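Open your viewer and keep the selection tool handy. We will make a few stops together, one selection at a time.

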Amino acid sequence: AKNEEFQELVKNIASQVITSNPADVDALLASEFAGSGATIKDMLTEKIAKIGENMNLRRFARFDGNVVGYIHMGGRIGVMVNVECADFNDEAKEAARDVAMHIAAMNPAYLDEASVPAEDLEKEKHFILAQMKEDPKSANKPENILEKMLTGKINKFFEQNCVTKQAFVKDDSLSVEKFLAAKGVKLVDFVRFEKGEGLEKKADDFAAEVASMMK
């Protein structure tokens, strides 16, 4: 990954994503790079032959608007956040970067409650209900009490998994949403990529490491 030709290839691919705004990986691979007559797929094939390493283009994300990125451990984790604000000044950029670092550490699954797919929410509800039925302390409680307990546990699920509701790593007295609101910033979207993600299970605890670094 430190090979100069590989790094140049990645920069060119990123540039192509910016300029051509491809719909997906296949569209990106088929796109012609900067009037060169060569597609991204051609360039990738050429570098594979030259560098001697097999490479596949797996994923990318592209945001329009106010964007801040954060790279951890030389590229092991990469985060990009898209924010809205009246003035995208240095303070707003710093706040956005702090949230990008938070995302690197905490690895949230969703942006906010509204972005949690109905299927995921139903699975979580079924899981919680099954737990309550197996717990002697709650198994015989009235239905209305169980409903209140379920609501509380679902809210806890949101607080743990939605970045806007998570306790901010640099000040856990605030949620990320409240921290940004105080800075006049709203988080619109984010993406977090981790090396090897989707290819193998990872056991490393980046949360403690990044949180410690931020403090």
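Select Asn82: does it count as buried or exposed? Asn82 counts as buried because its relative accessibility is 9%, where buried means under 20% relative accessible area, exposed over 50% and partly exposed in between (1.4 Å probe, protein chains only).

A quick note before moving on: this is a predicted model, in which local features need pLDDT of at least 70 and side-chain atom pairs count only at pLDDT 80 or more, while totals for chains, interfaces and linings use all residues. Residues are numbered from 1 along each chain as its sequence is written, and side-chain values use heavy atoms, with hydrogens and water left out.

Now show strand E2 (residues 77-85), the home of Asn82; strands (E, at least two residues) and helices (H or I, at least four) are DSSP runs, numbered from the N terminus. Add Asp64, whose backbone oxygen lies 3.3 Å from a polar atom of the Asn82 side chain. Beyond neighbours within four places in sequence, the contacts of Asn82 (heavy atoms within 4.5 Å) include Phe63, Gly65, Lys186 and Asp189.

Next, select Val81. Setting aside neighbours within four places in sequence, Val81 touches Phe63, Ala96, Ile103 and Leu187, among others.

Val81 also leads us to the largest nonpolar core, a set of buried Ala, Val, Leu, Ile, Met, Phe, Trp, Tyr and Cys residues joined through side-chain atoms within 4.5 Å. This core has 28 residues, and Val81 is one of those with the most contacts inside it. For the last selection, colour helix H4 (90-106): H4 gives the most to this core, nine residues.

Definitions and conventions. A polar contact is a pair of N or O atoms within 3.5 Å; within protein, one must be able to donate a hydrogen and the other to accept it, and residues adjacent in sequence count only if both atoms are side-chain atoms.
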